[in-house]
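This report describes the packing, the surface and the charged pairing of one protein model, in that order of interest to someone who works from coordinates. The sequence and the structure come before the discussion.

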Amino acid sequence: MGALGTVLLPIGWQINRFVVWLYYLGRSLGIPDFVTIPMYEFGLNVLLFAAPAALASLLWSRIKWWGWPLLALGASLAVEIVQLVALPREFSFLDIVANTLGALIGAVALIRPSRRESAR
């Protein structure tokens with residue numbers, strides 16, 4: 001539910017402040033200078049979809065692993081369009097890429113070795 005609120009509520013400014021706060025926290029903990037705020041945003045978008053895709057792949061194991069990234073691609077595109085049309089937020093192709101990558105990582109991470117062989 002929190003993820004849905006994050007992507008559909010008009011809270012872009014608050015999300016930005018959180019990402020900036022994480023960036024400075026990371027800097028204080030020794031994360032190198034080349035790790036930028038956009039990299040944090042990308043990473044958080046990956047995480048936003050990796051965990052639900054991993055859980056979904058466990059709950060609905062009959063769905064092939066590649067179905068989850070496709071679903072994430074469609075859902076991300078829909079969310080970005082809603083944000084562009086109905087919310088004071090920006091359309092981001094990079095968010096779609098990060099979300100789809102997160103779903104791919106989540107879905108593939110929990111494939112058991114026996115299923116990995118048959119998935120090829």
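## Salt bridge, cores and surface patch

A search of the whole structure, which is a predicted model, finds one salt bridge. The partners are Arg27 and Asp33, whose closest N and O atoms are 2.8 Å apart. Side chains of opposite charge can pair when their charged atoms come close. Arg27 is partly exposed, with a relative accessible area of 35%, whereas Asp33 counts as exposed at 55%.

The interior can be described through its nonpolar cores. The largest nonpolar core has seven residues, namely Phe49, Ala53, Ala56, Trp68, Ala72, Ala103 and Ala107. Helix H3 (37-59), H4 and H5 are the elements that give two or more residues to this core, and H3 gives the most, with three residues. Apart from this core lies another one, of five residues, among them Val19, Tyr23, Val35 and Tyr40. In soluble globular proteins, nonpolar side chains tend to be buried together.

A polar residue of helix H4 may be considered alongside the largest core. Ser76, which lies in helix H4 (residues 67-86), is buried, with a relative accessible area of 1%. Leaving aside residues up to four places away in sequence, Ser76 touches Phe49, Ile96 and Asn99; of these contacts, Phe49 is also a member of the largest nonpolar core.

Nonpolar side chains also appear on the outside of the model. Leu77, Ile81, Leu84, Val85, Phe91, Phe93, Leu94 and Val97 form a nonpolar patch on the surface, and together they have about 770 Å² of accessible area. The elements that give two or more residues to this patch are H4 and helix H5 (93-109), with the largest share, four residues, coming from H4. One of the patch residues, Phe93, lies in helix H5 and is exposed, with a relative accessible area of 59%.

The table below sets out the relative accessible areas discussed above.

| Residue | Relative accessible area | Class |
|---|---|---|
| Arg27 | 35% | partly exposed |
| Asp33 | 55% | exposed |
| Ser76 | 1% | buried |
| Phe93 | 59% | exposed |

Why is Ser76 classed as buried and Phe93 as exposed? Ser76 is buried because its relative accessible area of 1% falls under the 20% limit, while Phe93 is exposed because its value of 59% is over 50%.

Note on methods:
Residues are numbered from 1 along each chain as its sequence is written. This is a predicted model: local features need pLDDT of at least 70, side-chain atom pairs count only at pLDDT 80 or more; totals for chains, interfaces and linings use all residues. Side-chain values use heavy atoms; hydrogens and water are left out. A salt bridge is a side-chain nitrogen of Lys or Arg within 4 Å of a carboxyl oxygen of Asp or Glu. Buried means under 20% relative accessible area, exposed over 50%, partly exposed in between (1.4 Å probe, protein chains only). Contact means heavy atoms within 4.5 Å. Patches are made of residues with over 30% relative accessible area and no salt bridge: like charges are joined within 9 Å, nonpolar side chains (Val, Leu, Ile, Met, Phe, Trp, Tyr) within 5 Å. Accessible areas come from the Shrake-Rupley method with a 1.4 Å probe; for residues, only the protein chains shown count as cover. A nonpolar core is a set of buried Ala, Val, Leu, Ile, Met, Phe, Trp, Tyr and Cys residues joined through side-chain atoms within 4.5 Å.
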